[in-house]
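Biologist: I'd like to learn how to read a structure like this one. Could you walk me through it?

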Amino acid sequence: MNLCDLAVESIAGLQPYVPGKPIEELQRQYGVRDVIKLASNESPIGPSQAAQAAIALATRDLTRYPDGNGYALKLALSEKFQIDANQITLGNGSNDVLELIARCFASPADEVIFSQHAFAVYPLVTQAIGATLVEVPAKQYGHDLTAMQRAITEKTKLIFIANPNNPTGTHIPATEVHTFLQSVADNVIVVLDEAYIEYGDEEVNSIDWLKQFPNLIICRTFSKAYGLAGLRVGFALSSPEIADLLNRLRQPFNVNHLAMSAAIAALGDEDYLQRAKQVNTEGMQQYIDGFDAMGLNYIPSKANFICVDVNTNAADIYEKLLQQGVIVRPVAGYGLPNHLRISIGLEHENQRCLEALANSLSEAK
Ligand SMILES: *Cc1c(COP(=O)(O)O)cnc(C)c1O
């Protein structure tokens, strides 16, 4: 008996999400001591001190279950973003929310639209429920909203848009997203995944659109600019009706007490956010200058990472970087076999990465 045959067909066919290689794993496998990881779009500046202090305080309550309604975090979010608490769904990372959305709105008879080179979790959650994947070819590595609009059929239930997108870093201007939303009927749910929104300079606030579009869901996270990836906190903003549905499906205690306490503190730590953005802007320029000097093309990015075209099979360069203690992210699985995605680090980390890249490329010649 092959146990895989017992699994639901859609699950047996899944390819697991491939995370960035952990630092300890590289140390074990290669015996390299001094490792830098620029592979998972994590904050390079360490967690907010306010968040750390909040966690220390919150450890006193660890014998209790967390607040299953997330009252305090929802209150903080509703004040910060000027929305009602009943429009918020909390998740164990925004991945959790993305999965809730797929389970809530799509069934095996439905189609789910997403872009080529978009975040891997969209096809993963779609496939898990057995719905039909509709991947729309990208335009200059980014979402082609016109083509995505044309891909809508009677069976379309859900459209995922990452803005900025991961792994390409491409950004769609707010006016284009707004026009797209106007062109989509109310019975199709549009998910705007804004995991990297804090790094951009977009002046239009997408949250204002929730009043106009009852079918819109905005997903955000504490994992990137807020520097709390290890705690797993994300959230969706939507109409109260959608939030009500998602909250029925949510596990009662899906976000833990330490995570919620830290998220509230991080949300109030404006200095941290500004520093994170500043370090990111400077690091991004460092990579652009470095790539230009090496004559490498890259995809212009509005996020905290950049995809560089290494002009050869990137798997070899990835391996050579590992040998030098530098972990980046191969993106062949996203249809980009010659690119590597590099998360923006601290100045000395970026420097080391660029040097290791130059070494690897000259070795590969
Ligand atoms: C990192 C990322 C997320 C957030 O994941 P979490 O589960 O909140 O850590 C969501 N969407 C995209 C596009 C991402 O890159």
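**Reading one residue, then a sheet**

Modeller: Gladly. Let's start with Asn-165, which counts as buried because its relative accessibility is 0%, where buried means under 20%. Keep in mind that this is a predicted model.

Biologist: Where does Asn-165 lie?

Modeller: Look in the loop that connects strand 5 (156-162) with helix 9 (174-183).

Biologist: Which side chain makes a polar contact with that of Asn-165?

Modeller: The side chain of Thr-168 does, at 2.9 Å. If we set aside neighbours within four places in sequence, Asn-165 is in contact with His-117, Ala-118, Phe-119, His-143, Thr-170 and Phe-305.

Biologist: Now the sheet. What is the order of its strands?

Modeller: This open sheet has seven strands in the order 2-8-7-6-5-3-4, and the pairing is mixed. Strand 2 (88-91) and strand 4 (132-136) are at the edges; each has a single partner strand, so one side of each lacks a neighbour in the sheet. On average, neighbouring strands are turned by 20 degrees against each other, ignoring direction.

Biologist: How many bridges join strand 6 to strand 7, and do they run parallel or antiparallel?

Modeller: Strand 6 (residues 189-193) and strand 7 (residues 216-221) are parallel, with four bridges between them. To find your place there, take Val-191, which stands opposite Ile-217 in strand 7.

Biologist: Which strands does helix 10 lie across?

Modeller: Helix 10 (residues 240-249) lies across strand 2, strand 6 and strand 7, and runs at about 30 degrees to strand 2.

Terms used: Residues numbered from 1 in each chain as written. Predicted model: local features only at pLDDT ≥ 70, side-chain atom pairs only at ≥ 80, totals over all residues. Heavy atoms only, no water. Helix = DSSP H or I, 4+ residues; strand = E, 2+ residues; numbered from the N terminus. Buried < 20%, exposed > 50% of the residue type's maximum accessible area, 1.4 Å probe, protein only. Polar contact = N/O pair within 3.5 Å; in protein donor to acceptor, adjacent residues only side chain to side chain. Contact = heavy atoms within 4.5 Å. Pairing = 2+ DSSP bridges. Axes fitted to C-alpha atoms, helices over the stretch in contact; angles between N-to-C directions.
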